[in-house]
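Hi,

Here is the structure I promised to pass on. Have a look at it first, then read my notes underneath.

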Amino acid sequence: MSYIKVQYVLPTDAEWEAALLFFSEAFPEGFEQYDPRDILDRVGGDEWDAHEFSVADLWAERPTLTAYWPAEDRAGLADICRRWQAAGFSGDLTTEGYDLPPADAWQAQFRPIVVTDRLEICPHWCRPSGGCAVVVLTDPGIGFGTGTDETTQLALRLLDAADLAGKRVCDVGCGSGILAVTAKKYGAAEVLAVDNDDQAVAAAAHLAALNAVELKSQASDLLAQVPGRWDVLVANIVTDVLLRLLPTASAKLSPGGHLLLSGIHKDRLSDIRQAAEAAGFVETRALTGQDWCGLGLKKG
């Protein structure tokens, strides 16, 4: 279906609230809002690694509002533009033709991925290749960790190399639950998926049902609400959060237990290694991707 993209790049922050109100009334079915300040507020925090962002570029960007209007209703769009001008905004709306893809077109970007000789990650609408003993079905869109990103694949490779049969495994910061489900399919006796986001906790339960495996999922701030001790802890989260996790992980591991970490930016690997050594861990495995690293650690 053909649409017209309607956009306003705010020349001044003073118009932000008024422009938001106008767009919410003119486009009640929804619109996009991009504010580089949302990213700038998080740079330097522990919600993500900011290496991929240029702070200078972000400061140069302007907040932007974008909506899509049916191309056949040009009269309606003309009325919106007249009301915009009458409202006295300092800039004009820009418009251009735009063909939106079908609602399910996003699925085409997700295909089965063979991660190791025995592990395949497969979107639930696709047919597995049939060459791997373990197939984990995914539902892209329900949480971080679809199997396509480098950090998740590193974490999956760490799980693949571990002996999980009969073990108790806790997935810390579970996102979609892909690591927890994989651990269960690799023979773990008990698996707990935890996250501080209730949506991720629900996503992990959903993915377990999709794969017909049993595991528990619950809310927890890292290990704060995790009961008991575990044979394996696995975490694919950003470096600063891993640094918070390391000092408390040993107390939650059984003697000789293993800590599998991914989400380590290559520029921060030395930070993680130093913290792991300080926490009494011994490095057993190191994996390196293009930008990210994974580490296998053993409780000393």
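Below is what turned up, going from the whole chain down to a few residues.

One thing to keep in mind is that this is a predicted model. The protein chain carries 9 helices and 14 strands. It has 300 residues, and 46% of them count as buried. The accessible surface comes to about 14,800 Å², with 50% of that belonging to carbon and sulfur atoms. As for how the chain folds back on itself, take the contacts between residues at least 6 apart in sequence: 64% of them join residues at least 24 apart.

Next, the cysteines. How many disulfides are there? The count comes to 0. C174 shows how that plays out: the closest cysteine sulfur to its own is the one in C170, and at 8.9 Å that is too far for a bond, since a disulfide needs the two sulfur atoms within 2.5 Å. C174 is also buried, at a relative accessible area of 4%. C81, on the other hand, counts as partly exposed because its relative accessibility is 23%, and the cut-off for buried is under 20%.

Last, a residue worth clicking on: T138. You'll find T138 in strand β7, which covers residues 134-138. Is T138 buried or exposed? With 3% relative accessibility, T138 counts as buried. Leaving out residues up to four places away in sequence, T138 touches I121, C122, P123 and H124, and also T146, I178, L207 and L210.

That's it from me. Shout if anything is unclear.

Cheers

Note on methods. Residues numbered from 1 in each chain as written. Predicted model: local features only at pLDDT ≥ 70, side-chain atom pairs only at ≥ 80, totals over all residues. Heavy atoms only, no water. Helix = DSSP H or I, 4+ residues; strand = E, 2+ residues; numbered from the N terminus. Buried < 20%, exposed > 50% of the residue type's maximum accessible area, 1.4 Å probe, protein only. Contact = heavy atoms within 4.5 Å. Areas by Shrake-Rupley, 256 points an atom, 1.4 Å probe, with all protein chains shown as cover.
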